[in-house]
Amino acid sequence: MDDFHALTQAVMVNVNRRLGLVFIALVVAACNHHTSTEDADNTRLSASETVESLPPADFQVDAAALLAQPLSKHGLTHAMITTYARAQSPGRFIPYVQNGNMVTAETPVSTFSIDVDTASYVTLRQQINLGLLPQKNSLRVEELVNYFDYDYPLPNINDAPFSIHTELAPSPYNQDTKLLRIGVQGYKLMPEQIKARNLVFLIDVSGSMSSADKLPLLKQALMLLSSGLNAQDKVSIVVYADGLRQVLDGVNGNALQQIKQGLNSLEAGGGTDGGKGLALAYELAQKHFIEHGVNQVLLATDGDFNLGMSNQTELVDYVVQQRLSGVGLTTLGFGLGAATAQFNDGLLEQLAAKANGQYAYIDTLNEARKVLHDQLSQTLDIIAADVKIQIEFNPAIVSEYRLIGYESRQLHRQDFHNDKVDAAEIGAGQSVTALYELRYNQSTQLMNSPSGDKSSGVGKQPGALSHRQQFDGDEVALLSLRYKPFHGGQLAASKSLLISQMILANTEYKNLQQTSDDFRFAAAVAGFGQLVNHNHYVHDIDYDKLISLAAGAMANDPFGYRHEFLQLMRTTQLLVAQGAVPSGGFYDDVDEPQYPRNATTEAYPMPKPLTPGERQ
């Protein structure tokens, strides 16, 4: 009987795909002569570019994959692809192109922006708890790793805002490879150092927000956040659905009863028109702007809000301009269950990345407490901006390397020195971890055939190395970090500062079990993310090995997050063994007509962002 159901499911999937192909063909035939080459090209974004618009990958569906060529080549516009994807895809979880093994002799330098978001781990957790597997390559593995705290020593604030730590040992992912862990720890603020906060909650109250894991949870979450505020802080609330309502206008942060009454007055109903709400939220942020304080809009939504703008690029440009005027944007996602809008993970992640904010997903009250109460300073109080990491590997030792995760945060080599290139921000007390898998020259597992003596040209080829003219014999890599100091809610300097340190071969642990608990646990988390992502660069791991590795690295786990992850891996292992499919059909389309999108779609003229000198 099970085999019969499986066969029936496979047949239905195939039929749906064929119907999808017929639909695409009809659209192409009808619309091809109306579509310009420019519109088609705008649906593409290379993996190496910084994100200025939505990548097209989140619009690629199974039927498109069967065509074996991009939809844009068939004359489909961005809007057409979006409409079709909504009918076929459970949500917009962008599939990223996996980082490959780079040949050090050809590309010795790796550059990326630090990432401190955690949403990918929480959306994964909710999908697994609903008995579903995530879409292939949709996990941002670095967000899984950075969901957890690691015991990095705090820096001396008088020296630099960061301390940097490295650990090197055999990799559990492939035979005869090494795993390099890089940890960056930001300093913590004392209570008297925390600046006043001007917070504007922009809340989606459309009909799809009515379920318990959305608006009711959101109201509880924001009350937790408010409990950490005081009289010097300001709170405003703007809600949007078919219309727009200003609930609070700059009340004091300790006016908990007034804030509670405002939140309790919220009810879900109607369509989704976020454009005017976004504009009003920024206007209120500018109205109550606190010099040398934290000025932030917090957008809380369950999905694909209609912003009333002409395109997504305009939206990104708008939040960037507001960032430059001193107001950031943090995005909070809610609700992956049935009867929801198309949850737009990719858009929420990119908005926060471009707007000096963070992206978090809230699935439980415990997660709300973690993000908005326990780690509120990490979420809101920035200590450094435009933080970039660059690793320069020694070709005499390292033949190949692979950065695990950070696919959406890659930067060009020259971007590291360009202070005009935007990068991530670090909050007070925040730590960031990155992992590289290395293959030394003598490795028996090289993925690229060695060509001659790699050490002969070290330091002699023009442009081969950006800082080092010659590596010493035991130097594996040069680690460099650039950042702009951030104090009192604003940049303290427009020119970035540099921290560098060498990674030495003689610091390597010869056995994985000799490493710290944090090293082994981070390795297990990253391995799990790669396994669920169907990463084709890992060959020597399975769920049993990863569960054993994590179980032996629980360390101090006061909130139980590591133990929860262990259970998550065990549940995932069972789902995979049972043949659970990726989360197609994740949303209950039958319920969708209850929440019509009857808001206007015309472009809404956004107000010009104010500069500090223009504020009243």
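How many bridges join strand E4 to strand E14? That pairing is a handy way into this fold, so here are my notes, point by point.

1. **The basics.** Keep in mind that this is a predicted model. The chain has 616 residues, and 58% of them count as buried. Helices number 16 and strands 17. The accessible surface comes to about 25200 Å², with 52% of that belonging to carbon and sulfur atoms. Take the contacts between residues at least 6 apart in sequence: 82% of them join residues at least 24 apart.

2. **The E4–E14 pairing.** Back to the opening question: eight bridges join E4 (residues 178–186) to E14 (residues 431–440), and the two strands run antiparallel. If you want to check the register on screen, start at valine 184 of E4, whose bridge partner in E14 is valine 432. Then look at arginine 181, which stands opposite leucine 435. Leucine 179 has glutamate 437 as its bridge partner in E14.

3. **The sheet around that pair.** E4 and E14 belong to an open sheet of five strands, ordered E1-E12-E14-E4-E3, with antiparallel pairing. The edges are E1 (102–103) and E3 (162–170), each of which pairs on one side only. On top of this, helix H14 (residues 517–532) packs on the sheet, where it touches E3, E4, E12 (398–404) and E14. The direction of H14 makes about 110° with that of E4.

4. **The other neighbours.** On its E3 side, E4 is held by nine bridges, again antiparallel. Arginine 181 turns up here too, as the bridge partner of glutamate 167. As for E14, six bridges join it to E12, and these two strands also run antiparallel. One pair to look for there is valine 398, which stands opposite tyrosine 440 of E14.

5. **How covered is E4?** Nine of its nine residues are buried. Both faces of E4 are covered. On one side you will find Lys178, Leu180, Ile182, Val184 and Gly186, and on the other Leu179, Arg181, Gly183 and Gln185. Note that Lys178 and Arg181 are on the buried list along with the rest.

6. **And E14?** Here 10 of the 10 residues are buried, so the strand is largely enclosed by the rest of the structure. One face carries Ser431, Thr433, Leu435, Glu437 and Arg439. The other has Val432, Ala434, Tyr436, Leu438 and Tyr440, and both faces are covered.

7. **A loop residue to look at.** Phenylalanine 471 sits in the loop between E14 and strand E15 (475–487). Is this loop residue, phenylalanine 471, buried or exposed? Its relative accessible area is 6%, so phenylalanine 471 is buried. From phenylalanine 393 it is 78 residues away in sequence, yet the C-alpha atoms of the two are 9.3 Å apart in space.

8. **The H15–H16 pair.** Further along the chain, helix H15 (residues 543–551) packs with helix H16 (residues 561–577) at an angle of about 170°, their axes 10 Å apart. The two helices are therefore roughly antiparallel to each other. From H15 the contact takes in Tyr543, Asp544, Leu546, Ile547, Ala550 and Ala551. H16 answers with Phe565, Leu566, Met569, Arg570, Thr572, Gln573 and Val576. Sorted by type, the residues of this contact are nine nonpolar, two polar and two charged.

Methods:
Residues numbered from 1 in each chain as written. Predicted model: local features only at pLDDT ≥ 70, side-chain atom pairs only at ≥ 80, totals over all residues. Heavy atoms only, no water. Pairing = 2+ DSSP bridges. Helix = DSSP H or I, 4+ residues; strand = E, 2+ residues; numbered from the N terminus. Contact = heavy atoms within 4.5 Å. Axes fitted to C-alpha atoms, helices over the stretch in contact; angles between N-to-C directions. Buried < 20%, exposed > 50% of the residue type's maximum accessible area, 1.4 Å probe, protein only. Areas by Shrake-Rupley, 256 points an atom, 1.4 Å probe, with all protein chains shown as cover. Parallel < 35°, antiparallel > 145°, perpendicular 65-115°, else oblique. Nonpolar A, V, L, I, M, F, W, Y, C, P; charged D, E, K, R; others polar.
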